[in-house]
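Hi everyone, thanks for making time. I'd like to walk you through a structure that is probably new to most of you, so let's get it up on the screen.

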Amino acid sequence: MTDDLADVLGTEENSCLEFKQSANDSSVVLRAICALSNDLPNRGGGDLLIGVDKHGNAVDGTDVSDRALLALTDMRDNGKILDRPSIVVDRAKFQGKDVVHIKVTASSTPPVRLDGIAWVRPGPTTRCATRDDERVLSERRRSNEGPFDTRTVPGTTLEDLDLSRFRSDVIPAFVSPEVIEENGRPVELQLASLRITDSRQTPTVLGHLLIGVNPSESIPGAYVQFVRYDGTDVSDAIMDSQEIRGNVLDSTGRLQAVLRGHLHTSVKTVDDFTEQDTPDYPIEALREVCMNAVMHRNYESSHAPVRISWFADRIEVTNPGGPYGQVRSDNYDRVNDYRNPSLAGAMKALGYVNRFGRGIGRIRKSLELNGNPPAEFVIDTSSWVVVIRSAR
């Protein structure tokens, strides 16, 4: 496969490809970056080649020195283009000659402006945005501001998803067998319809969380940290420490095994002829607390994991992100809202949570039946901690 950009991108300008013979006039380079960042045709951005004339012919003598590339890279930080564009500047070959390749990623917050003017590229030309162009870009910005779990993760592809788990676990949970039989839609459409990817097959946050090959690589806090202490304080010796990484489908099984492995069950005498096994913590309550932490946590602005701290007398489950939406510290047991609505729907369909809005009630009930003290909820603006005390 050739690396020559003439073969990869073509030799004619279009809405996503612009040529400049040189970078002598920085204003035209900035206009091109602004227009490609606005991405009016919604193709994900575009490419600017410096060292190619308007007829698609590479010119001689293009400066591709480190100094030239650094000067072009610095353009994004000079404050003329806002919001600051995302670009990658590199050397490349075009028709066998040296050129500068500026890869521009579409802005998630258009319209982007150069000195206050939004530039767009509706075809093989760059021009000021019309009123309708600005409306289109503004509507796209609002759509980008939807729930975080349905936003795409730039730079990732279908190869970052475990499509075998999608076929074996996700599709049967969402779609009836009769519909699957009759439907016959390609997997790309199925992924988009369940918000696991967008229409351009870019995985969403939901896609990475649900069936990602390595979710925490793209979403740094997407894992569970388990620590067991040999005492009642974090300064005591650590008996076990594990980071449970992986998508929801894989990590829930591992988490369940870890929790069950640390449970201690005692035999209590009910009457003269009956004994009853009683764990120090009911697994139903632990599952509910942990699944709710994974479901409701803040993945957008915190890289902290869900933390399970297991002490000699209690378990503390901490998730980043305080009350969301209508939920407050004084009504959390009566009012529901969802920071990650698509993830919540997926976990419901897959059976990890039973009914929306019943989690706290189920925790309280299972603790009461097992003889544990009531759960304690410690809530502030940035985190949510559930404390479960031992039955013994």
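Let me start with a small one: in the loop between which two strands does Asp83 lie? That loop runs between strand E3, residues 81-82, and strand E4, residues 86-94. And before I go on, please keep in mind that this is a predicted model. What makes the spot worth a look is the peptide bond joining Leu82 and Asp83, which is cis, with omega at about -5°.

While we're here, follow E4 to the loop between it and strand E5, residues 97-105, and you'll find Gln95. Gln95 isn't a glycine, yet its phi is positive, near 50°. Buried or exposed, or something in between? Gln95 counts as partly exposed, because its relative accessibility is 37%, and partly exposed covers what falls between under 20% and over 50%. There's another non-glycine residue with a positive phi, Arg195, at about 65°. Look for Arg195 in the loop between helix H7, residues 187-193, and helix H8, residues 205-211.

Okay, zooming out. The chain is divided into domain 1 at 5-144, domain 2 at 149-218 and domain 3 at 223-389. For domains 2 and 3, the C-alpha centres lie 27 Å apart. Where they meet, 17 residues of domain 2 are in contact with 17 residues of domain 3.

Now the sheet. It's an open one with six strands, in the order E10-E9-E13-E14-E16-E15, and the pairing is mixed. Why do E10 and E15 each have a side without a neighbour in the sheet? They stand at the edges, E10 at 238-245 and E15 at 376-379, and each has a single partner strand, so one side stays free of a neighbour in the sheet. On average, neighbouring strands here are turned by 15° against each other, ignoring direction.

Let's stay with E13, residues 306-310. That strand is mostly covered, with four of its five residues buried. On one hand, E13 pairs with E9, residues 223-229, in the parallel sense, over five bridges. On the other, E13 pairs with E14, residues 314-320, in the antiparallel sense, over four bridges. As a reminder, strands of a sheet pair through backbone hydrogen bonds, in either of those two senses.

You can see both pairings at Ser309. Ser309 is the bridge partner of Val227, and Ser309 also has Glu316 in E14 as a bridge partner. Next to that, Ile308 stands opposite Val317 in E14. To get from E13 to E14, the chain takes a hairpin of three residues.

So what lies across this part of the sheet? Helix H11 lies across E9, E13, E14 and strand E16, residues 383-389, and runs at about 15° to E14.

H11, residues 283-296, also packs with helix H12, residues 341-349: the angle is about 145° and the axes are 9 Å apart. From H11 you have Met291, Val294 and Met295, meeting Leu343, Ala344 and Met347 from H12. How many polar residues are in that contact? There are no polar and no charged ones, just six nonpolar.

Let me pick out Met347. It sits in helix H12, and we call Met347 buried because its relative accessible area is 0%, where the cut-off for buried is under 20%. Leaving out residues up to four places away in sequence, Met347 touches Met291, Val294, Met295, Tyr352 and Val353. In sequence, Met347 and Leu210 are 137 residues apart, but in space they're 8.7 Å apart, C-alpha to C-alpha.

Leu210 brings me to the last stop, the largest nonpolar core, which has 62 residues. The residues with the most contacts inside that core are Phe166, Ile196, Leu210, Ile211 and Leu286. Which helix gives the most to it? That's H11 again, with nine residues. The core draws at least three residues from each of domain 2 and domain 3.

And Leu210 itself? With residues up to four places away in sequence left out, Leu210 touches Val170, Ile196, Asn247, Val248, Leu249, Ala346 and Leu350. Apart from this core lies another one, of 22 residues, with Val29, Leu36, Leu72 and Leu114 among them.

That's my tour, happy to take questions.

How values were computed: Residues are numbered from 1 along each chain as its sequence is written. This is a predicted model: local features need pLDDT of at least 70, side-chain atom pairs count only at pLDDT 80 or more; totals for chains, interfaces and linings use all residues. Side-chain values use heavy atoms; hydrogens and water are left out. Buried means under 20% relative accessible area, exposed over 50%, partly exposed in between (1.4 Å probe, protein chains only). Two strands pair if DSSP finds at least two bridges between them. Axes are lines fitted to C-alpha atoms, for helices over the stretch in contact, and angles run from 0 to 180 degrees between N-to-C directions. Contact means heavy atoms within 4.5 Å. Ala, Val, Leu, Ile, Met, Phe, Trp, Tyr, Cys and Pro count as nonpolar, Asp, Glu, Lys and Arg as charged, and the others, Gly among them, as polar. A nonpolar core is a set of buried Ala, Val, Leu, Ile, Met, Phe, Trp, Tyr and Cys residues joined through side-chain atoms within 4.5 Å. Domain bounds come from an automatic or database domain assignment.
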